[in-house]
Each structure stands twice: as C-alpha cells, then as structure tokens.
Amino acid sequence: MSTLPPCSQCQSSLTYEDGSGLYICPECGHEWPVQAEASAESDERVYRDAAGNVLQDGDSVTVIKDLKLKGSGGVVKMGTKVKNIRLVDGDHDIDCKIDGFGAMSLKSEFVKKI
C-alpha cells in the first residue's frame with residue numbers, strides 16, 4: 001500500500017491522487033502536482049530485475065522467458081545466461097552480448113539476477 005503525503009495546507013491525511021497527476025485534499029480542496037513530490041525523492045534511476053533485485057553494471061543475469069528477436073527470426077531461450085551487462089536509459093535498459101546472437105538490448109523485466 002502506498003502512502004500519500006498529507007495536505008500541505010490543512011495537514012489532512014485523507015488526500016488522494018486523481019488520474020491527471022494531482023494530489024487532492026477533500027477537506028480543504030487544495031490541489032498540488034504529483035511530479036513535485038516524485039522529483040524531490042531521487043534523480044538517479046534504479047534498475048530492477050523481474051524479482052525486484054537491484055541491477056548494476058557488470059552483473060550477470062538469466063533470461064526468464066523465451067524472447068523472440070525482431071529481424072532475425074531467432075529466439076533467446078529461457079535460462080540463457082548473460083554476463084557483464086551494461087545499464088542504459090531507454091525502453092530497453094540493458095545492453096549486452098549473448099553468445100550465438102551478438103550484441104542486443106533487453107528489458108530488465110525479462111531477466112533475473114544471478
């Protein structure tokens with residue numbers, strides 16, 4: 001369960017988040033952006049695998065499901081071990097080399113840290 005910040009004007013704990021990115025206090029009607037809270041927490045991105053373990057450059061990981069490759073028609077099988085990963089920003093956040101396939105990018109949600 002997530003904890004929402006109390007209202008900055010009346011200190012009510014009944015605040016809620018609406019779908020448009022605002023915190024709203026039902027008691028006093030005060031509204032403030034969620035982004036202000038999120039950016040204040042941390043500027044550094046934390047990369048996590050499918051099990052929630054924190055990933056770092058140079059870690060070894062295992063692929064947890066068969067991944068079809070675009071363009072070549074091959075498949076990276078579940079259980080394939082990938083050594084010495086490099087973390088990058090973007091949609092696919094792991095750059096690596098896989099034996100038999102070469103250099104490629106993976107999503108961290110499809111790997112598990114060894």
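## Strand S9 and its partners

Cys96 stands opposite Met104 in S10. This is a predicted model, in which local features need pLDDT of at least 70 and side-chain atom pairs count only at pLDDT 80 or more, while totals for chains, interfaces and linings use all residues. Residues are numbered from 1 along each chain as its sequence is written, and side-chain values use heavy atoms, with hydrogens and water left out. Strands (E, at least two residues) and helices (H or I, at least four) are DSSP runs, numbered from the N terminus.

S9 and S10 pair in the antiparallel sense, over 5 bridges. Two strands pair if DSSP finds at least two bridges between them. S9 and S10 form a hairpin with 3 residues between them. In that turn, Gly100 has a positive phi of about 90 degrees. On S8 (residues 86–87), 2 bridges lead to S9, and the two strands run antiparallel. Arg86 has Asp95 as its bridge partner in S9. S8 and S9 also form a hairpin, with 6 residues between them. Gly90 in its turn has a positive phi of about 135 degrees.

## Two faces of S9

In a regular strand the side chains alternate between the two faces of the sheet. S9 shows this alternation. Ile94, Cys96 and Ile98 point to one face and are buried (under 20% relative accessible area; exposed is over 50%, partly exposed in between; 1.4 Å probe, protein chains only). Asp95 and Lys97 point to the other face and are not buried.

## Nonpolar cores

The largest nonpolar core has 16 residues. A nonpolar core is a set of buried Ala, Val, Leu, Ile, Met, Phe, Trp, Tyr and Cys residues joined through side-chain atoms within 4.5 Å. Val82, Ile94, Cys96 and Leu106 touch the most other members. Strands S4 (61–63), S9 (94–98) and S10 (102–106) are the elements that give two or more residues to this core. S9 gives the most, with 3 residues. Apart from this core lies another, of 5 residues, among them Cys7, Tyr23, Trp32 and Val34.

A search of the whole structure finds 1 aromatic pair. Tyr23 and Trp32 form it: the pair is tilted, 5.6 Å centre to centre, with 45 degrees between the planes. Rings of Phe, Tyr and Trp (its six-membered ring) pair if their centres lie within 6.5 Å; planes under 30 degrees apart count as stacked, over 60 as edge-to-face and the rest as tilted. Both Tyr23 and Trp32 are buried.

## Contacts of Ile94 and Ser108

Contact means heavy atoms within 4.5 Å. Leaving aside neighbours within four places in sequence, Ile94 is in contact with residues including Leu55, Ile85, Leu87, Met104, Leu106 and Ser108. Ser108 is found in the loop between S10 and strand S11 (111–113). Ser108 is buried, with a relative accessible area of 11%. With the same sequence neighbours left aside, Ser108 is in contact with Arg48, Asp49, Ala50, Leu55, Asp93 and Ile94.

## Positive phi outside glycine

Most residues other than glycine have a negative phi. Gln11 has a positive phi, near 65 degrees. Gln11 is in the segment before strand S1 (16–17). Gln11 counts as exposed, at 54% relative accessibility.

Asn84 also has a positive phi, near 55 degrees. Asn84 is in the loop between strand S7 (81–82) and S8. Asn84 is exposed, with a relative accessible area of 57%.
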